[in-house]
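Hi everyone, thanks for coming. Let's take a look at this one together, so please have the sequence and the model open in front of you.

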Amino acid sequence: MRDVAIVGVGIHKWGELWNMSLRDMFALAGSRAIEDAGIDHIDSMYIGCMSSGLFTAQEHLASLLADYLGVLPAPAARVESACASGGLAFRMGWMEVASGLSDIVLVGGVEKMTDVNGDEATFALSTAADTEYEGYQGATFPALYALMARAHIDKYGTTLEQMSQVAVKSHSNGALNPDAQYPFPVTLEQVMKSTLVAEPLRLLHCSPITDGAAAVILVPADIAKAKFKKRPLVVVTGAGHATDTIALHSRKDLTWMNSTEIAAKKAYQMANIGPKDIDFAEVHDCFSIAEIIVTESLGFFEAGQGGPAAEKGITARDGAKPINTSGGLKSKGHPVGATGVAQIIEVVRQLWGEAGTRQLNNVRRGLTQNMGGTGGSALVHILEKRG
Amino acid sequence: MKIRSPRYAREIPQRYRCEAVKAETGEIFFPPRVVYPKGVKVAPHTLAQTGKVLSYTILNVAPMEYSDLTPYALGVIELDDGARITAQIVDIDTAEIKTGMPVKIEFRKLRTEGDEGLLCYGYKVVPMR
Amino acid sequence: MSEVGIVGYGAYLPRYRIKVESIAAVWGADAESYKRGLYLFEKSVPGLDQDTITMAVEASRYALKRAGVQGKQLGAVYVGSESHPYAVKPTGTVLAEAIGATPVCHTADFEFACKAGTEAMYVSYAQVKAGLIQYGLGVGADTSQGAPGDALEYSASAGAAAFVFGAQEIVARVDHTYSFMTDTPDFWRREHQFYPQHGGRFTGEPAYFKHTLGAAKGIMALAKMKPTDFRYVVFHQPNGKFPMEAGKRLGFTKEQYETGLVTPWLGNTYSGASPIGLTAILDVAKPGDRILMVSFGSGAGSDAFIYTVTDRILEIQNQAPKTRPQLDENKFYLDYGKYAKFRGKIIRNEK
């Protein structure tokens, strides 16, 4: 297997982009990544997208997007693993370059979510749960995470203040990210008094509906070292992927993300490091409780300590373990298929020293964690700066 | 997306009668599956009709087919045989719901496919009185 | 021929209620006149997730539990209602499927205004009596609607009662049956209309009383019995006043009719009305008690039954929820706005 490096990134301002279609957004992010890398072609392309069919009545994205990005007849594939589609696309691209099958691969993610109304978007997202045994009962994603939140509260005494602090922290980071959908700070009081969505979760505990795309360019580390010298070399040193039951009720422990734990262990093992060696991370905070559970399942904090860690500022930009410097899904936005790729972009930018006013000091190793549904799938990647 | 006849009909045994499968190891599979762990003997099983609330939430925002019901409670229910289901908790003031609360299964209408489509039935849970 | 009777029974009442005052306040009516004049105080309302099918299923599960009979032992499943949820597609198939009676089972939906429930009972009984089936299930269930502001809105309510008939382990033996029927246009609903029309005061003497008293007198003559031979009597009860009046005219006492009189607090459950009243009687009946039941359905006709309660009643009364506690406990009162939402009375665009 070859080491794989990231040599270009492309993203755009996310939000409710009434004038941009799915193909427009992908072409914009993809062309920016190609331009950023300074390349004149790609060997192949992977696209993460959860539900273009339900959101935009369009399938067969691989060919559509290869055409509109202007890379025909390059091979292209669209992959889907609900909200982890972007992370999965990254894994596919990494595998293709690592295996030696291709030298230059574009990995993109995209979701166009505002071509349907709120009800329809809620429905489309709910298909990431067990449609027949959760969806049929009237479950929504906020509800399923609320069930986890209640269990976490009951088991560990996690407080609403702690959950709310996660959102406050994410927005304080997102305020420094010009690409974020909601780049402004929020107060603890605003979060705790926001509209109830699924008790105990309120609107500001939930990631928004977002249109957006993101793309990165992968090449073998040897080629990166030889031909892409303008930036520090950033290499994928760990990759892990795992699945779990799609139905939340089938899990033994409602307060734990087994797929994340297993994916992380694989990634740590590959990178030959442990959770304490990670300088910072982008994690899947689709809901505030998710960030708490995920930071525990990744091994950053003991079970039950994710809430207190957020409250103490450990996960803040100036804390010991900065989480979601991009603003996370909460502030940056959550176009589901694009999220996993955008997480990679944030870590790469931090390692390149190109994260602007939210730049962390002296970071060498970052982690991304992207998951589908209530944790039915999870992807973890570890990126390291070399030299 | 409207539920059409084939999809609805397939789920009737599970939805109406809580038909499941129990392995000799005690593990319950709901719904029944095509493939079970190798070498494990399984037999038909009907889910226990009583249980307790493991966790719950109250939805203020719901998908279209459920929006008339808001605010409604949804729980993860552990039945007395150890099986777990997701189910709405009805016939109770949502403020009175607590984890650990005993509940029983009742037959209810889950959703209505517009003015012309199917009426969709299944299980919900109600508090034990 | 062998003795046949009820071997298990069950009633299911929704927990929502609306008071007569809440309805009267919206339409500028005098609540006191309904309470005094019709002896009607409140009525049940089905939840948004309840209909004739769901209530029929729960009542039937209670009946099977009391009978100690499995669904698959049922040779027939009959359900009477004037509010079958589908215009075309049987209530009975969903019911039979939910209680595990399929596929070898005869199923039919009955409709005869408020008499459909006792029709289902009668046909189940008759099938067992004829020796065609071992057990039969007869259900009366309704979620009826009166037009907003109409007198019927104060009474039309929701509930179900189910009875398993068989020839072994009988709890209430059927001694006699009798039906009395004429073409009487007292109440009807045409296809595609939301609410029924009725003949106002014509629904009383020429309709309810003529048929109810006709059936009651007929069956007592057939059985050579008089009111004093019965411990209990239950009539169709469109309001609280009619059945009391019928009882008095026939010579029954308050002690005989009050146990089965549930409408003042339940409303008129249509096909479920006299059947639910019967369950309330069976809940407290003692071995040897004789019961007269007379239903009434507009259009119009009455079915009458004479039952004798057996020793086994004491073994099954506590096997499932009783009727009076469902009527009196755990009630949730609705205001008219919520009631209107629950009953689909608010105009909205089609979804």
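Let's start with C:Arg290: which residue is its bridge partner in strand 13 of chain C? That partner is C:Thr308. The pair belongs to a longer ladder, in which strand 12 (residues 290–294) and strand 13 (residues 299–309) of chain C run antiparallel to each other, with five bridges between them. Keep in mind that we are looking at a predicted model.

Now zoom out to the sheet around them. In chain C, nine strands make up an open sheet with mixed pairing, and the order reads 5-4-6-7-1-8-13-12-11. At its edges sit strand 5 (106–110) and strand 11 (232–235) of chain C, each pairing on one side only. On average, neighbouring strands in this sheet are turned by 20° against each other, direction ignored.

What about helices? Helix 4 of chain C, residues 91–98, packs on the sheet and touches strand 4 (74–80), strand 5 and strand 6 (135–143) of chain C. The direction of helix 4 makes about 135° with that of strand 4 of chain C. Then there is helix 10 of chain C, residues 273–284, which lies across several strands, among them strand 12 and strand 13 of chain C. Helix 10 runs at about 65° to strand 7 of chain C.

Last, for the cysteine fans: how many disulfides does a search of the whole structure find? Zero, over all chains. Take A:Cys286, whose nearest cysteine sulfur, on A:Cys83, is 6.5 Å away. A:Cys286 counts as buried, at 5% relative accessibility, while C:Cys105 is partly exposed at 21%. Happy to take questions!

Technical notes:
Residues are numbered from 1 along each chain as its sequence is written. Chains are lettered from A and ligands numbered from 1 in the order in which they are written. This is a predicted model: local features need pLDDT of at least 70, side-chain atom pairs count only at pLDDT 80 or more; totals for chains, interfaces and linings use all residues. Side-chain values use heavy atoms; hydrogens and water are left out. Two strands pair if DSSP finds at least two bridges between them. Helices (H or I, at least four residues) and strands (E, at least two) are DSSP runs, numbered from the N terminus. Axes are lines fitted to C-alpha atoms, for helices over the stretch in contact, and angles run from 0 to 180 degrees between N-to-C directions. Contact means heavy atoms within 4.5 Å. A disulfide is a pair of cysteine sulfur atoms within 2.5 Å. Buried means under 20% relative accessible area, exposed over 50%, partly exposed in between (1.4 Å probe, protein chains only).
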